[in-house]
Structure formats: structure tokens, C-alpha cells
Amino acid sequence: MTPDRYVEPARPPAAAGTGAGRRTGLAARLAAVEDRIGQACRAAGRPRADVTLVTVTKFFPATDVELLAGLGVTDVGENKAQEAAAKVAELDPALRAGLRVHFVGQLQTNKARQVVGLADLVHAVDRDRLVTALDRAAAEAGRRVEVLLQVDLDPKSTVDGRSGRGGARPDAIPALADLVSGAAHLELRGLMAVAPLGADPDEAFARLALTAERLRAGHPRATLLSAGMSGDLEAAVRHGATHLRVGSAILGARPVPR
């Protein structure tokens, strides 16, 4: 474990709501995360503007998204297609217009149409069939969709080459990138990854950075790197992350999904 690895303090589950108390709690936790990101950027010699904070609001209500937008949050992440679609539909159109919605979860091909209709950036593209499904859905919607390829950083992946957290093996990324580049309605913007459970995030994100460097050699517009969450964002910043996906450190303990 690295010395600056964040460990979330024990606390009771957060109660979502619209009251002043909820806003105050969100503001305090958001400020604490912003301070961590700022310190990590300074330590890495990177401008704070190079790193986008994606606040992951899965399992929390649209009212929390509204409160976060009022606190200056511009990027939110969701990982369940049905929940995300319902939540986005609740938002005031003017507020939605000012938000960039990221789909950060593993995606089934039969949900591609739903995700294309709500997401500005799809983070976890990891197989050929999903590329085909997203391209078809984007064509039907008359959209061009930005995507990231998810890299499996787990050396203990299952026999079929995929870990429980999803992702394509690093040696499969070049072919997958070429497939996306050939899709008429998709735009390859970079890579996404999750550090393996129990592993050193510095080592994992260092390998991700090498994969990203190789990808950019053939796809120079693929400059985005989505890595780092509440517990390991400092390591992600050290290794070039442009997008951090932070949920519990801002919103508190997730409510139990129904």
C-alpha cells in the first residue's frame, strides 16, 4: 500500500436528500477531494486543469446531481443503464445541458441504445461485439459517440482473458482500437482502467500508462486516461490520469440498491 493511499473513515450511511444538511455534507467532501487532487497534481508537476473530476452518482438520486451541479460539478458518472436513463430524465433540461454524463460501468450489448441516448463519453468498451452494438445504436440516434477502451490490469484474469472488473487484455487493445477507429459513428478518445483489488495501484497504473503511450502512437487523438477512484486517485494522477472517477469520497456510503 502506498503511503498516500486514501482510506475512507468509518461513518454511517449517507442519507440522500435535498436539505441544507445534505448540501453542506456534499460541499465539504467535494472540497476535501478537490484538495487531494490539487495536492496530487502539484506533487506530479501537473496543472490541476489537466485532470477532470467525474463524480460517480450511481445509486444516489437526481436531487444529489442537482445539488452537485449547484456546487460546480460539471461531470457525473453512472454505471447502470436503466438507472442512469431514469435519473437523467428527471433533470431540468437546462441543468442537463451543463453536465457531461459519463457511463463508467460494464455494459451489455442490449443496453447500447439506451446508453448512447444519454452518455457523452462511454468509458468501458472492452470487446468487439460492444463496439458493433454501440456503432449501430449511434447510427440510429444520429450521433457520434466518444468512447474509451477498458484495459484489464489484473494479472490473475480468468481463462477467457477477462477479470471480474471487465476490460480487454493490454495485448488486445491495438486490434480493438482499430475496430473503433473504423466505426463510422464512434470516436476513440483513450483508455480506462480499474486497479485490481489488493494490488499496488502505482504498479497497475504504470502499466496502464505504457499501454496508453503505445495506443497514442497509432491513434494520436486517444489522449484521455480514465483511472483512479476514491482510494487511489493520487496514484492515478502520478501516472497521467486525465479523468478520476470518484463516488463514495464525495457522496458518502452508497445506499443499498433496491
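## A walk through the fold, starting at Thr57

Select Thr57 to begin: this residue is buried, with a relative accessible area of 0%. You are looking at a predicted model, so keep that in mind as you click around. Thr57 sits in the loop between strand 1 (52-56) and helix 2 (62-70). Now show what surrounds Thr57. Leaving out residues up to four places away in sequence, Thr57 touches Val65, Leu68, Val76, Gly77, Glu78, Glu83, Lys87 and Leu251. Three of those names are worth picking out, since Glu78, Glu83 and Lys87 are linked in a network of salt bridges.

**Next stop: helix 2.** Which residues of helix 2 are buried? Select Ala62, Asp64, Val65, Leu67 and Leu68 and you have them. Then colour the elements that cover these residues, which include helix 1 (20-44), strand 1, strand 2 (75-78), helix 3 (81-90) and helix 10 (248-251). Before you leave, step just past the end of helix 2 to Gly72, which takes a positive phi of about 100 degrees.

**Zoom out for a moment.** Show the whole protein chain as a cartoon, and you should find 10 helices and eight strands. Of its 258 residues, 50% are buried. Turn on the surface and the chain exposes about 11,800 Å², with carbon and sulfur atoms supplying 54% of that. Among contacts with a separation of 6 or more, 65% come from residues 24 or more positions apart.

**Into the core.** The largest nonpolar core has 70 residues, and the members that touch the most others are Val122, Leu134, Leu149, Leu191, Leu208 and Leu244. Another core lies apart from it, made of six residues that include Leu121, Ala124, Leu148 and Val194. Centre the view on Leu149. Beyond its neighbours within four places in sequence, Leu149 is in contact with His123, Val125, Ile173, Leu176, Ala177, Val180, Leu188, Gly190, Leu191 and Met192.

**Helix 7.** Ile173, Leu176, Ala177 and Val180 are the buried residues of helix 7 (residues 173-181). They cover an arc of only 100 degrees around the axis, which puts them on the same side of helix 7. Why does that spacing work? An α-helix has 3.6 residues a turn, so residues three or four places apart point the same way. To see what covers the buried residues of helix 7, show strand 4 (121-125), helix 6 (128-141), strand 5 (145-151), strand 6 (186-193) and helix 8 (201-218), which are among the elements involved.

**Last stop: salt bridges.** The structure holds 15 of them, and here are three to display as sticks.

- Arg100 and Glu146: their closest N and O atoms are 2.7 Å apart. This pair links distant parts of the chain, with Arg100 in strand 3 (residues 100-103) and Glu146 in strand 5, 46 residues apart. Arg100 is partly exposed at 27% relative accessible area, whereas Glu146 is buried at 17%.
- Asp152 and Arg169: here the closest N and O atoms are 3.7 Å apart. Both residues lie in the loop between strand 5 and helix 7, so the pair ties together parts that are 17 residues apart in sequence. Asp152 is buried, with a relative accessible area of 2%, while Arg169 is partly exposed at 28%.
- Glu187 and Arg221: the closest N and O atoms are 2.2 Å apart. Glu187 is in strand 6 and Arg221 is in the loop between helix 8 and strand 7 (224-226), 34 residues apart. Glu187 is buried, with a relative accessible area of 16%.

Note on methods. Residues are numbered from 1 along each chain as its sequence is written. This is a predicted model: local features need pLDDT of at least 70, side-chain atom pairs count only at pLDDT 80 or more; totals for chains, interfaces and linings use all residues. Side-chain values use heavy atoms; hydrogens and water are left out. Helices (H or I, at least four residues) and strands (E, at least two) are DSSP runs, numbered from the N terminus. Buried means under 20% relative accessible area, exposed over 50%, partly exposed in between (1.4 Å probe, protein chains only). Contact means heavy atoms within 4.5 Å. A nonpolar core is a set of buried Ala, Val, Leu, Ile, Met, Phe, Trp, Tyr and Cys residues joined through side-chain atoms within 4.5 Å. Accessible areas come from the Shrake-Rupley method with a 1.4 Å probe; for residues, only the protein chains shown count as cover. The arc is that of the directions from the helix axis to the C-beta atoms. A salt bridge is a side-chain nitrogen of Lys or Arg within 4 Å of a carboxyl oxygen of Asp or Glu.
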